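Biologist: Could you take me through one part of this model up close? I'd like the strands in the middle and whatever packs around them, in plain bench language.

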Amino acid sequence: MPETAPWQTREMQGLVSILLLSHRRAFDCPLLASDRPGTSRRLTAQELFNSSMAVLAHNNAGDPALTYANATALRLWKRPWSEMVGMPSRLTAAQSERKERAASLKLALVRDAINTYSGIRVDRCGRQFMIHNARIWTLWDEEGRRCGQAAAFNSWWWL
């Protein structure tokens, strides 16, 4: 039997459900067109992973670690799943950009969501790119507790 892709494990399917429900709560609209009742978790997880928009999530640890990155995000940051998921999310930005990034994440946490974030990020090789009009939202688990934050964006360019 073939090994399950890491973005298709039960745990990741659960996280994708949290991402989608939390996005709908924050912005009153679906993140994915197929985000409808009755759609299988497996199909939804596959669609999010293959989406043309970049989607990332991190936990709510003191130094948050990435818990999810879809294929578009992996390509942008030039990292495999095994390297990207689990790394401190602050490393997605250059050292000089981290203070501004942290302030925006804090604002998104206070407001529950923001939808016009722009900032400079850096890939594995040190090449910088600008993300534009990103949505950042709080993730809420099934018990109504904050369990992290997520971001999605369709607009970026290399600097």
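**A close look at the strands and their surroundings**

Modeller: Let's start with a single rung of the ladder: Leu139 has Gly148 as its bridge partner in β5. Keep in mind that this is a predicted model, with residues numbered from 1 along each chain as its sequence is written. Local features need pLDDT of at least 70, side-chain atom pairs count only at pLDDT 80 or more, totals for chains, interfaces and linings use all residues, and side-chain values use heavy atoms, leaving out hydrogens and water.

That rung belongs to β4 (residues 128-140) and β5, which run antiparallel and are joined by six bridges. Strands here are DSSP runs of E, at least two residues long, and helices are runs of H or I, at least four, all numbered from the N terminus. Two strands count as paired if DSSP finds at least two bridges between them. Five residues sit between the strands of this hairpin, and Gly144 takes a positive phi near 80° there.

Now β5 (residues 146-153) also pairs with β1, again in the antiparallel sense, over five bridges. Leu56 has Ala151 as its bridge partner, and Val55 stands opposite Ala152. Six of the eight β5 residues are buried, so β5 is largely enclosed by the rest of the structure. Buried means under 20% relative accessible area, exposed over 50% and partly exposed in between, with a 1.4 Å probe and protein chains only.

What about β1 itself? Five of its five residues are buried, so β1 too is largely enclosed. Ala54, Leu56 and His58 cover one side, Val55 and Ala57 the other. β1 also pairs with β2, antiparallel over three bridges, and His58 has Leu66 as its partner there.

Over in β2, have a look at Tyr68. Beyond its neighbours within four places in sequence, Tyr68 is in contact (heavy atoms within 4.5 Å) with a list of residues including Leu19, Leu48, Val55, Ala57 and Trp81. A search of the whole structure turns up nine aromatic pairs. Tyr68 and Trp81 make an edge-to-face one, 5.9 Å centre to centre with 85° between the planes. It ties strand β2 to helix α4, with the two residues 13 apart in the chain, and both are buried. Rings of Phe, Tyr and Trp (its six-membered ring) pair if their centres lie within 6.5 Å; planes under 30 degrees apart are stacked, over 60 edge-to-face and the rest tilted.

Tyr68 is also, with Leu19 and Trp137, among the residues with the most contacts inside the largest nonpolar core, which has 44 residues. The largest share of that core, seven residues, comes from α1. Such a core is a set of buried Ala, Val, Leu, Ile, Met, Phe, Trp, Tyr and Cys residues joined through side-chain atoms within 4.5 Å.

Last stop: Trp77, which sits in helix α3. Trp77 is buried, with a relative accessible area of 2%. Not counting residues up to four places away in sequence, it touches Leu56 and Phe153, among others. Trp77 also joins Phe129, Phe153, Trp156 and Trp158 in one aromatic cluster. Between Trp77 and the hairpin's Gly144 there are 31 Å in space, C-alpha to C-alpha, and 67 residues in sequence.
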